[in-house]
Amino acid sequence: MSQKLTGGQLLDISKEYGTPLYVYHAEKIREQYDKLTTAFSSLPARFFYACKALTNLNIIQYIHSIGGGIDCSSINEAKLALQAGVPKEKILYTSNGIAFEEIEEAVNLGVHVNIDSLSNLARFGKKIGNSYPVGVRIRPNILAGGNLKISTGHERSKFGIPIDQIEELKTIVDQYNIHIKTLHIHTGSDIKDADVFVQGVKVLAELVPHFDRLEVIDLGGGFKVPYEPDHDETDISAIAKKLKTFLEEHLYVNGKKYEIWFEPGKYLVSEAGYFITKVNVLKQTHSVNFAGVDSGLNHLIRPMFYDAYHHIENISNPNGEEKIYTITGYICETDTFASDRKLPEIREGDYLVFYNAGAYGFEMASNYNSRFRPVEVLVKDGQASMIRKRENFDDLLRNQVAMF
Ligand code: PLP
């Protein structure tokens with residue numbers, strides 16, 4: 001049975017730590033990690049958690065403790081992973097649009113590095129040459145992912161070196177004798193279809209003969225999770241099976257077994273996270289029945305940023321008579337979490353939980369409107385522990401420099 005925290009547990013934790021708060025569930029993260037490793041057990045696969053989804057050190061440490069590597073999208077994430085005790089061989093850094101100095105810093109840290117532009121690759125060649133094996137992120141020109149905002153592999157995307165510039169890439173590699181260890185793609189987020197991964201590996205397979213020291217095919221992240229109670233799970237075993245068939249027929253033919261790396265973010269932590277708020281005000285208008293909560297786009301921006309769906313439940317009145325509500329925040333912008341949702345009667349002071357809040361929830365939170373960022377709590381072995389304090393007024397003042 002799938003790991004889940006109950007409304008009662010979440011209510012108790014909310015009363016103890018106050019709202020708004022994020023609650024994460026270690027055993028659910030483990031369940032997701034185990035699903036991946038089991039499905040891919042017959043391939044030389046490795047999993048690096050895309051920690052941009054949720055960088056709390058305790059989460060990084062927990063994922064490291066169950067066997068996962070850590071994928072980083074900035075040098076600071078790489079430093080956080082090191083700080084969390086993850087060895088450099090288990091840290092992967094995939095840059096995008098950054099200054100070359102950051103790549104040099106990553107090399108100095110000794111982590112795996114993927115480069116995503118020809119200009120930085122040329123700088124890498126000039127400065128570092130072939131002394132440090134490196135990966136290149138390719139833009140495969142595949143349109144995939146839940147919507148355009150989270151789609152990264154298509155032909156108008158800023159990410160990666162376009163596949164049609166392979167000749168330029170090879171020229172740079174040859175010129176500086178760069179040791180290309182990894183070919184990388186990440187086509188987007190919310191992908192359920194096994195064929196997208198096969199299509200991606202097909203694109204990379206054509207490039208393989210050009211790089212004789214290649215060891216790794218890195219297929220990025222993007223596994224979709226169910227958002228609504230009746231949504232099906234992504235069939236990871238079906239993806240693994242299809243990839244295995246393709247790899248055995250096309251890539252593993254000369255006895256060379258390239259490692260297959262993945263960078264799951266959402267898949268590991270989305271469902272393990274809950275965001276709980278309290279209802280401040282009810283406002284019945286002639287057309288809309290608003291429930292305004294003690295949070296807003298400053299704490300959970302996904303619905304406003306890219307129309308993400310979060311299932312919501314009223315955990316303090318679960319058996320109330322159902323009515324239609326629009327759930328909004330307290331920010332001075334339109335910050336609608338959900339429109340026209342059927343929910344058990346909401347009263348002022350009720351607690352609403354937003355599901356699928358582990359990934360890109362707290363991580364995208366801000367201090368907009370000078371609000372404090374929420375508490376984070378991790379539940380493990382039935383025990384709830386605070387893993388980040390709620391901010392306070394001093395946090396708002398930190399780093400401000402008095403001029404008057
Ligand atoms: N890898 C890269 C390079 C990414 O850009 C992302 C997401 O932005 C991920 C992995 C993780 O994606 P997801 O959370 O959908 O698994």
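A molecule is taken to sit in a pocket if more than half of its atoms lie within 2 Å of the pocket's grid points. In this predicted model, the ligand sits in the largest pocket.

The shell around the ligand was examined next. It comprises 13 residues. Ser189, Gly222, Glu263, Lys266 and Tyr360 are the closest of them. By class, 5 residues of the shell are charged and 5 are polar. The remaining class, nonpolar, contributes 3 residues.

Backbone atoms approach oxygen atoms of the ligand at three residues, Gly222, Gly265 and Lys266. For Gly222, a backbone N or O atom lies 2.8 Å from a ligand oxygen. For Lys266, the distance from a backbone N or O atom to an oxygen atom of the ligand is 2.8 Å. For Gly265, the corresponding distance is 2.9 Å. On its own, the ligand has 390 Å² of accessible area, and the protein covers 90% of this area. Gly222 and Lys266 thus appear twice, among the closest residues and in these backbone pairs.

The domain arrangement was also computed. The protein chain is divided into two parts: domain 1 spans residues 40-268, and domain 2 spans residues 273-397. Their centres, taken over C-alpha atoms, are separated by 33 Å. The two domains are in contact, with 17 residues from domain 1 and 16 residues from domain 2 taking part.

Technical notes: Residues are numbered from 1 along each chain as its sequence is written. This is a predicted model: local features need pLDDT of at least 70, side-chain atom pairs count only at pLDDT 80 or more; totals for chains, interfaces and linings use all residues. Side-chain values use heavy atoms; hydrogens and water are left out. A residue is near a molecule or strand if one of its heavy atoms lies within 4 Å of it. A polar contact is a pair of N or O atoms within 3.5 Å; within protein, one must be able to donate a hydrogen and the other to accept it, and residues adjacent in sequence count only if both atoms are side-chain atoms. Accessible areas come from the Shrake-Rupley method with a 1.4 Å probe; for residues, only the protein chains shown count as cover. On a 1 Å grid over the protein atoms alone, a cavity is a set of points where a 1.4 Å probe fits but cannot get out, and a pocket is an open set with protein on both sides within 12 Å along at least five of seven lines; lining residues have an atom within 4 Å of a point. Ala, Val, Leu, Ile, Met, Phe, Trp, Tyr, Cys and Pro count as nonpolar, Asp, Glu, Lys and Arg as charged, and the others, Gly among them, as polar. Domain bounds come from an automatic or database domain assignment. Contact means heavy atoms within 4.5 Å.
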